[in-house]
Amino acid sequence: MDLVLVPVDGGELPVRRWLPEAGTGPGVVVVQEIFGLSPYILDRCAGLAEAGYVVYAPDLYWRLPSPPEFDETSPEWVAQGVAASSGLDRATTAADTSATLDALRGAPEVTGPVAFVGFCFGGGVAFEVSATNPPDALVAYYGSSLPHLLHLAPRVTCPSLHHFGTADAWIPMDVVTQIRDAVTAGRDDVEFELYDGANHAFDNPHPLFHHAEASAVAWERTLAFLARHLGSRQAGSAG
């Protein structure tokens with residue numbers, strides 16, 4: 001992993017970069033959850049690189065006056081993440097994410113299509129950006145702002161994969177159903193997967209959220225989806 005700086009309005013956006021073993025390949029922009037580029041998100045980025053992708057992960061908190069701190073052992077941990085994400089300007093965050101996608105597309109290491117993989121907060125951001133700057137594929141894990149973005153669904157034209165748990169404490173099942181109906185309407189290239197008993201953020205390994213079976217199945221589905229749409233020969237090999 002190393003750091004690249006992407007020129008954007010107001011400065012240079014810090015982006016973590018991972019290269020696959022081959023040094024080149026299709027590209028994936030990973031969009032963070034509310035806890036930033038946490039060890040969990042960094043691990044997912046490394047796993048995608050192992051699967052054959054050039055991975056960019058922008059630090060979307062870089063514009064905040066001071067770096068947010070997250071203590072997974074604190075009862076205030078979730079509140080810390082909500083406070084940090086609430087401090088972002090939505091339009092600027094989307095613009096930074098879009099600039100990251102453009103930078104990835106233009107990187108000499110990227111030799112194929114590019115995709116978004118977004119988690120929670122990042123799932124919503126990736127969906128929003130996809131409506132104006134379409135990637136070749138989109139994976140959204142329980143996009144937390146999707147209930148407010150369904151008017152964009154007709155403009156998200158790339159193939160997409162959505163993961164939701166049936167026990168999501170943040171997005172109730174009737175709203176999940178609304179999301180499913182909106183993103184799949186008239187489409188045969190949108191996959192919408194439900195995971196029985198899984199809470200919001202079920203892929204996060206923290207005991208507050210983690211659902212081991214749902215996490216494992218969703219990750220394998222993610223790798224298979226990316227392999228189909230981005231074409232990495234290695235994509236089925238990482239777990």
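This report walks through a predicted model of a single chain, from its overall build down to a handful of residues.

**The chain as a whole**

Let us begin with the secondary structure. The chain holds six helices and eight strands. Read from the N terminus, their order is β-β-β-α-β-α-α-β-α-β-β-α-β-α. The C-alpha trace spans about 45 × 45 × 35 Å along its principal axes. How does the radius of gyration of the chain sit with that of a compact globule? For 239 residues such a globule would have a radius of gyration near 18 Å, and the chain has 16 Å, so the two agree.

Burial and contacts add to this picture. Of the 239 residues, 54% are buried. Among contacts with a separation of 6 or more, 68% are made by residues 24 or more positions apart. The accessible surface comes to about 9,900 Å², and carbon and sulfur atoms account for 53% of this surface. As for charge, the chain has 12 positive and 29 negative charges, and the mean positions of the two sets are 7 Å apart.

**Helix α1 and its surroundings**

Helix α1 covers residues 39-50. Its 12 residues, at 1.5 Å a residue, should span 16 Å; the end C-alpha atoms are 16 Å apart, so the helix agrees with the expected value. Which residues of α1 are buried? They are Y40, I41, R44, C45, G47, L48 and A49. An arginine, R44, is thus listed among the buried residues of this helix. The cover over these buried residues includes the strands β2 (11-18), β3 (25-31), β4 (54-58) and β5 (110-119), together with helix α6 (212-230). Just past the end of α1, G52 takes a positive phi of about 110°.

**Two positive phi angles outside glycine**

Some background helps here. Most residues other than glycine have a negative phi. Against that background, C120 and A201 are worth a look. C120 is not a glycine, yet has a positive phi of about 60°. This cysteine lies in the loop between β5 and α4 (121-130). Its relative accessibility is 9%, under the 20% cut-off, so C120 counts as buried. A201 is likewise not a glycine and has a positive phi of about 65°. Its place is in the loop between β8 (190-195) and α6, the helix that also helps to cover the buried residues of α1. A201 is buried because its relative accessible area is 6%, again under 20%.

**Helix α3 and the loop that meets it**

Helix α3 runs over residues 90-106 and contains D102; T97 is placed in α3 too. Is T97 buried or exposed? With a relative accessibility of 0%, T97 counts as buried. Setting aside residues up to four places away in sequence, T97 touches V31, L60, F116, V125 and V129. One of these, V31, falls in β3 (25-31), while V125 and V129 fall in α4 (121-130). By C-alpha atoms, T97 and E69 are separated by 21 Å, with their positions 28 residues apart along the chain.

D102 has a relative accessibility of 42%, which lies between the 20% and 50% cut-offs, so D102 counts as partly exposed. What does N133 touch in this region? Beyond its sequence neighbours up to four places away, N133 touches S98, L101, D102 and R105. N133 itself is in the loop between α4 and β6 (137-141), and its relative accessible area of 12% means that N133 is buried. Two C-alpha distances involve D102: N133, 31 residues apart from D102 in sequence, is 8.6 Å away, whereas V125, 23 residues apart along the chain, is 15 Å away.

**A serine in helix α2**

S85 is found in helix α2, residues 77-86. Its contacts, leaving out residues up to four places away, are with I34, Y61 and F121. A relative accessible area of 14% is the reason why S85 is buried.

**Accessibility side by side**

The table gathers the residues discussed one by one above.

| Residue | Relative accessibility | Class |
|---|---|---|
| T97 | 0% | buried |
| A201 | 6% | buried |
| C120 | 9% | buried |
| N133 | 12% | buried |
| S85 | 14% | buried |
| D102 | 42% | partly exposed |

Technical notes
Residues numbered from 1 in each chain as written. Predicted model: local features only at pLDDT ≥ 70, side-chain atom pairs only at ≥ 80, totals over all residues. Heavy atoms only, no water. Helix = DSSP H or I, 4+ residues; strand = E, 2+ residues; numbered from the N terminus. Expected span 1.5 Å × (residues − 1). Buried < 20%, exposed > 50% of the residue type's maximum accessible area, 1.4 Å probe, protein only. Contact = heavy atoms within 4.5 Å. Rg over C-alpha atoms; globule rule 2.2 N^0.38 Å. Areas by Shrake-Rupley, 256 points an atom, 1.4 Å probe, with all protein chains shown as cover. Lys, Arg positive; Asp, Glu negative; His and termini not counted. Charge placed at Lys NZ, Arg CZ, Asp CG, Glu CD.
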